[in-house]
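Here are my notes from going through this one, in the order I'd raise them over coffee. Have the viewer open while you read.

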Amino acid sequence: MIASSLFAAQLTFSTATLSAQESGAYQGTTQVLKPLVPVKADKLATADALAEAENAALETGFALESQSNWAEAIQHYEKHSRANPESKTLYQRLIICRLHYDVNRRFVDSSYNDSLKKLSLTQSLDLYSEILANLETHYVEQVEWSRILLHGTAALEVALTEDKFIQSTLSGADPAAIERFRQGVHRRLSNRSSQTRFDVRASVAHVADLAQKELGLSPTATVLEYVSGAVSTLDTYTRLLSGDQLKEMFSNIEGNFVGLGVELKSDDNSLQILSVIPGGPAEESGVKAGDRIVRVESSRTTVVDPDYAADLLRGPEHTYVSIGVVSPNGQERDMRIQRRRVDVPCVENVRFVEPNQKIGYLRLTNFQKTTTRDIERALWDLQRQGMRSLVLDVRGNPGGLLSAAVEVADRFLDKGRIVTTRGRNARENFDYVAHRPNTWNIPLAVLIDSDSASASEIFAGAISDTGRGIIVGETSYGKGSVQGIFRMQAANFGLCLTTAKFYSPSGREISRNGVEPKFPVDSPDSPYIALRPDNTGHVVEDHEDNVLQKAIEQLVQRSQTISQRP
């Protein structure tokens with residue numbers, strides 16, 4: 001995610017209804033048949049391969065959907081949508097899964113439930129209007145209001161199939177009546193105008209009134225589903241933020257949060273601990289990288305979704321949480337850890353990975369307000385020890401502040417463009433350029449992988465396009481968009497909204513393309529990151545990290561070439 005300055009900060013439905021309306025496949029339109037022309041065999045082979053891959057992806061995706069495994073289904077469809085961006089079907093399934101996931105996530109969010117109870121119909125409609133106004137002014141593309149209404153209706157239809165929504169808002173309602181309403185709600189909107197955002201607001205108020213009269217559903221609950229649907233289906237990164245999520249977002253930007261002080265990765269039946277923040281409550285309690293959390297309070301990760309268990313780790317400062325932790329050797333222990341405010345270091349594992357050649361190393365975990373300061377501190381520490389070249393690792397770095405990415409790139413570039421942003425609103429159009437003062441001129445290798453995204457790609461793209469350093473690893477994620485974080489005035493919510501796309505110094509669009517390494521080291525040959533745990537909990541050593549070793553090899557070769565010049 002990428003952020004810069006906007007208002008506060010910028011960061012970088014039924015299945016049949018959605019599929020039919022989005023693809024146009026079932027609208028009964030007459031198509032003009034084009035005359036047949038010869039098609040090259042290689043193009044036919046490529047099309048056949050894509051179709052086969054799409055069918056295989058859908059089969060696996062449907063299996064995950066049938067198990068209501070929405071989080072894994074989203075990851076699955078995101079991966080295959082990136083590989084096959086022309087597939088509307090894969091993207092539609094992604095949207096549907098995200099709607100299911102979002103409604104379940106919202107109804108275990110205490111701040112969302114508080115808003116649901118406190119907001120009146122008028123207040124929730126005012127929130128909806130404020131969201132729509134922001135879409136009209138700031139969203140990266142022109143908003144189609146009929147599509148906003150369609151997706152909001154789809155979100156309500158999905159919610160009416162989910163137990164958490166029904167138990168929270170319709171516990172005494174007749175299931176047959178709920179299903180009749182769900183099946184007919186889209187049809188009952190078909191004759192209403194959706195030319196403007198004011199038309200859309202009126203239609204949502206109409207549905208809220210119908211749902212209250214026919215089901216006894218809170219009008220606020222109906223409107224909030226339309227709010228979420230309007231936002232979460234625009235693109236992968238735009239979403240509604242509850243009050244707690246908004247606080248967490250700003251905490252991440254500031255570089256601190258209330259929690260245990262661990263970095264987690266969710267897998268099938270546990271939460272793997274990737275790193276433990278020095279001085280945090282988890283470290284003080286004896287938690288180590290490579291451990292796995294298998295229980296949070298009374299919820300075991302073999303029974304509940306691990307992402308749900310991760311949500312239970314959150315709570316007010318100075319409160320305690322009970323967890324079950326399994327070590328790599330299989331021993332389980334029960335722990336009670338206090339939640340405290342923790343400063344999150346964005347630079348870690350600063351050291352020499354080739355002491356004889358004085359090749360320094362640092363891993364950058366995210367781009368936050370403290371990043372430039374922390375990078376400078378690490379570089380000067382290495383410089384005082386005689387650093388001759390540097391490996392800067394942004395593998396697994398999901399992004400962060402646009403301004404931080406630009407500042408870090410500026411430390412290694414003395415001139416030229418760093419990144420360009422372009423949005424529908426002219427205020428989003430910027431050309432960021434490098435400056436000569438405070439530039440580090442040491443030989444540089446940047447490590448990237450398929451999880452290096454957003455701000456990481458701004459930095460890696462600038463280094464790659466300018467030839468300032470070598471890029472080693474895998475092609476990066478391909479998230480080339482900027483998000484603005486807006487605090488809503490009508491209610492305790494926030495809006496994370498895509499406002500612009502960004503382009504590397506050569507003008508290359510990062511979205512869906514990513515940054516390509518000069519020296520590729522693909523999986524499965526490079527599955528591990530040094531000083532991070534692998535899937536078994538073993539903490540990887542430097543010599544086991546193939547990407548790091550390739551970077552060291554290239555830097556040594558360049559150093560030898562330079563030393564041999566007359």
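**Notes on a pocket, a domain contact and a cavity**

1. The second largest pocket comes out at a volume of about 980 Å³. Its lining runs to 35 residues, and those closest to the centre of the pocket are Y91, L234, D235, T236 and R512. Keep in mind that this is a predicted model.

2. What is the lining of that pocket made of, by class? Charged residues number 13, polar ones 12 and nonpolar ones 10 in the lining of the second largest pocket.

3. As for where the lining comes from, at least two residues each are supplied to the second largest pocket by helix 3 (70–83), helix 4 (88–106), helix 7 (145–159) and strand 21 (493–503). Helix 4 is the top contributor there, with 4 residues.

4. Now put the pocket on the domain map. The domain assignment splits the protein chain into domain 1 (60–244), domain 2 (256–343) and domain 3 (347–564). The second largest pocket lies between domain 1 and domain 3, because both of them give residues to its lining.

5. Next, the pairing of domain 2 with domain 3. Their centres, taken over C-alpha atoms, are 28 Å apart, and the contact draws on 10 residues from domain 2 and 8 residues from domain 3. Between them, domain 2 and domain 3 bury about 610 Å², with 38% of that on carbon and sulfur atoms.

6. How many salt bridges are there between domain 2 and domain 3? The count is 1. If you want a salt bridge to inspect, R532 forms one with E263, and their closest N and O atoms sit 2.9 Å apart.

7. On to the second largest cavity, which holds about 30 Å³ of space. Two or more residues of its lining come from each of strand 16 (417–422), helix 17 (455–466) and strand 21. Helix 17 gives the most to this cavity, with 4 residues. Strand 21 is worth a second look, since it turned up above as well: it also supplies at least two residues to the lining of the second largest pocket.

8. Which residues should you select to see the walls of that cavity? The lining of the second largest cavity is I418, V419, E457, I458, G461, A462, F502, Y503, S504, P505 and I510. By class, that lining divides into 8 nonpolar residues, 2 polar and 1 charged.

Notes:
Residues are numbered from 1 along each chain as its sequence is written. This is a predicted model: local features need pLDDT of at least 70, side-chain atom pairs count only at pLDDT 80 or more; totals for chains, interfaces and linings use all residues. Side-chain values use heavy atoms; hydrogens and water are left out. On a 1 Å grid over the protein atoms alone, a cavity is a set of points where a 1.4 Å probe fits but cannot get out, and a pocket is an open set with protein on both sides within 12 Å along at least five of seven lines; lining residues have an atom within 4 Å of a point. Grid points are joined across faces, edges and corners, and a volume is the space filled by probe spheres set on the points. Ala, Val, Leu, Ile, Met, Phe, Trp, Tyr, Cys and Pro count as nonpolar, Asp, Glu, Lys and Arg as charged, and the others, Gly among them, as polar. Domain bounds come from an automatic or database domain assignment. Contact means heavy atoms within 4.5 Å. Buried area is the accessible area (1.4 Å probe) that two parts lose on being put together, summed over both. A salt bridge is a side-chain nitrogen of Lys or Arg within 4 Å of a carboxyl oxygen of Asp or Glu.
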